[in-house]
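Thanks for making time this morning. I would like to take you through one model, and I will try to say at each point how far it can be trusted.

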Amino acid sequence: MGSGKHRWKISIYRKTPVTFSQPEPKNVSDVAKPPAEFVCPISGSLMGDPVIVSTGQTFERAYVTACTTIGYTPTLNDGSTPDFSVIIPNLALKASILNWARAQPTDPPDPVRLSDALKLVTSAAMMTNSSTSSGELVRRLKEVGPAALVHADSELTRGVGGLDSPGESSGSFRRTPLVLATRPSCYSSGSSSSEFEMGESGTCEEEVFVGRMRSPHVFEQEEGVVALRKITRSSVESRLSLCIPRLLSALRSLITSKYTDIQVNSVAALVNLSLEKINKVKIVRAGFVPPLVDVLRGRFPEAQEHACGSLFSLALDDENKTAIGVLGALQPLIHMMLRSESERAKHDAALALYHLSLVQSNRSKLVKLGSVQLFLNMVKSGQMPGRALLILCNLGASSEGRAAMLDAGAVAFFVELLKGEFDSESTRESCVAAICSLSHGGGLRFRGLAKAAGAMEVLKEVVEKSGRERARDKARRVLEMLKAREEEEEEEVDWEKVLEFGFLSKTLTPQAVQTCRNSK
């Protein structure tokens, strides 16, 4: 009986391909040429997962991911270059492509695998850019690391072997310019000690997630946040559709859960939701910053990693910067940057502080918290010097920040730093930028400190030898300011006599200055 049932299954299985194979003998001419808007401009193939990019064009998702992975921007047939910074699923076009394909003697297109897209884009990059060697492209892929490929792929493949190693994360950040980083490092965590695999159940409705997360049973809460984390990790559509008030309210209540697995997966799911620009303000307005601050002050290191990543991601939106500072995130972020044992937490905290310090209100708060001396000490000790310098540059844009840095001996320290060797040109440029920020206004105190430290000689060397034009330009500006002030002070003035006459330095007339000189 069992064998008969087995043969019955085989006969059904063999019958199905026969039905679908009927259209095969048709001529190729029977398949109509797809409309131009259904074809990916990069591959020339029918799109299975079309997305709209910032500049309005539509591409196959995998090719966009491949281009951003290796840092390649293609030139389209009309001579334009697309901007891949934001992608939005083109669901209407996807439906049109499927309808068109069903009417043809061919199968609907499947989404392209990222590995296949990388091969095509890499070869295209080498053909169109002769200055980029294959070795250079391979190097870029290694710098990105396997984590980015794992989470860019639409199949939710899990990383194997060393994906979460701090060494890889640290190295990747050292090679990546700070201002270009737009995603938290914790997002590249392919696996988690507190995450377990769930069965394939298709897409879940928001009511299912909300129901699980609001359940009085801990195991159902955990199932809910793990499922939410999984579905939002790779699906842009899910990140956009699930970021609604009811679900955010349910998720917020679990952020500070006393259960490790629930807290970790809740904050990780929040990181995923925050990746979409349109979600960032919604999340802050839903009240997530205070519980994230509580997580930073808590006792679960993995949750702290994700909390730093969440705050960094949310700080990328200008509308959130002031609110995050007001709600008390600055001090715990400083603590994580200085004291955390996790490289990911430290780097994401530094990135968050960098973006938050672009706002004047946060600069004032950071100065009052005594952060200037802390960041200077980090540079001195070689602990993330590039990031600490960039935050100091932002603080130097405010009057209180400049005053605190001058009080801490920053001018002499930066000049001495420029005399030594740097691990990268970006760190040297940040050091020059910090001096430039201190020179704003050309105050007497800065000029005196710069002269005493021998800044002019060091900056001249930067102008002559620096490999970056921006560093040379900043050094030139400081030199021009110092030289202009020197020329003004070449002719000596009896300032005691000026005080006797009751003149202010800014209101001296030529006759008054001449009177002072004649009286000497």
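What follows is a short tour, beginning with confidence, then going on to the sheet, to one exposed lysine and finally to two places where helices pack.

This is a predicted model, and so I begin with the confidence values, which for the chain average a pLDDT of 77, with 72% of the residues reaching 70 or more. The extremes are both found in helices, since confidence is lowest in helix 6, residues 166-175, at a mean of 32, and highest in helix 13, at 96. Helix 6 belongs to a stretch we should treat with care, because pLDDT stays under 50 over residues 142-180. The model nevertheless has 59 contacts beyond four places in sequence for residues 142-180, whereas for residues 503-507, where pLDDT also stays under 50, it has four such contacts. Where pLDDT is low, the predicted coordinates should not be read in detail.

Let me turn to the sheet, which is open and consists of three strands in the order 2-1-3, with antiparallel pairing. Strand 2, at 58-60, and strand 3, at 87-89, are the edge strands, and because each has a single partner strand, one side of each is left without a neighbour in the sheet. Averaged over the sheet and ignoring direction, neighbouring strands are turned by 40° against each other.

Looking at the pairings one by one, strand 1, residues 50-53, is joined to strand 2 by three bridges, and within that pair Ile-52 stands opposite Thr-58. The hairpin of these two strands has four residues between them, and there Gly-56 takes a positive phi near 100°. On the other side, three bridges join strand 1 to strand 3, again in antiparallel fashion, with Val-53 opposite Ile-87. Lying across strand 1, strand 2 and strand 3 is helix 2, residues 61-70, which runs at about 85° to strand 2.

Now for the lysine, Lys-277, which has its place in helix 12. Is Lys-277 buried or exposed? Its relative accessible area is 52%, and since the cut-off for calling a residue exposed is over 50%, Lys-277 counts as exposed. The C-alpha atoms of Lys-277 and Val-86 are separated by 8.1 Å, although the two residues are 191 residues apart along the chain.

Helix 12 also brings us to helix 13, residues 289-296, where six of the eight residues are buried, so that this helix is largely enclosed by the rest of the structure. The buried residues are Val-289, Pro-291, Leu-292, Val-293, Val-295 and Leu-296. What covers them includes helix 10, helix 11 and helix 12 as well as helix 14, helix 15 and helix 16.

The last item is the packing of helix 21, residues 399-407, with helix 24, residues 444-453, at an angle of about 35° and with their axes 11 Å apart. Their crossing is left-handed, and the contact is made by Ala-403, Leu-406 and Asp-407 on helix 21 together with Arg-445, Phe-446 and Leu-449 on helix 24. Sorted by class, that contact has four nonpolar, no polar and two charged residues.

I will stop there and take questions.

Technical notes: Residues numbered from 1 in each chain as written. Predicted model: local features only at pLDDT ≥ 70, side-chain atom pairs only at ≥ 80, totals over all residues. Heavy atoms only, no water. Pairing = 2+ DSSP bridges. Axes fitted to C-alpha atoms, helices over the stretch in contact; angles between N-to-C directions. Contact = heavy atoms within 4.5 Å. Buried < 20%, exposed > 50% of the residue type's maximum accessible area, 1.4 Å probe, protein only. Left-handed = near helix turned anticlockwise from the far one by under 90°. Nonpolar A, V, L, I, M, F, W, Y, C, P; charged D, E, K, R; others polar. pLDDT = per-residue confidence, 0-100.
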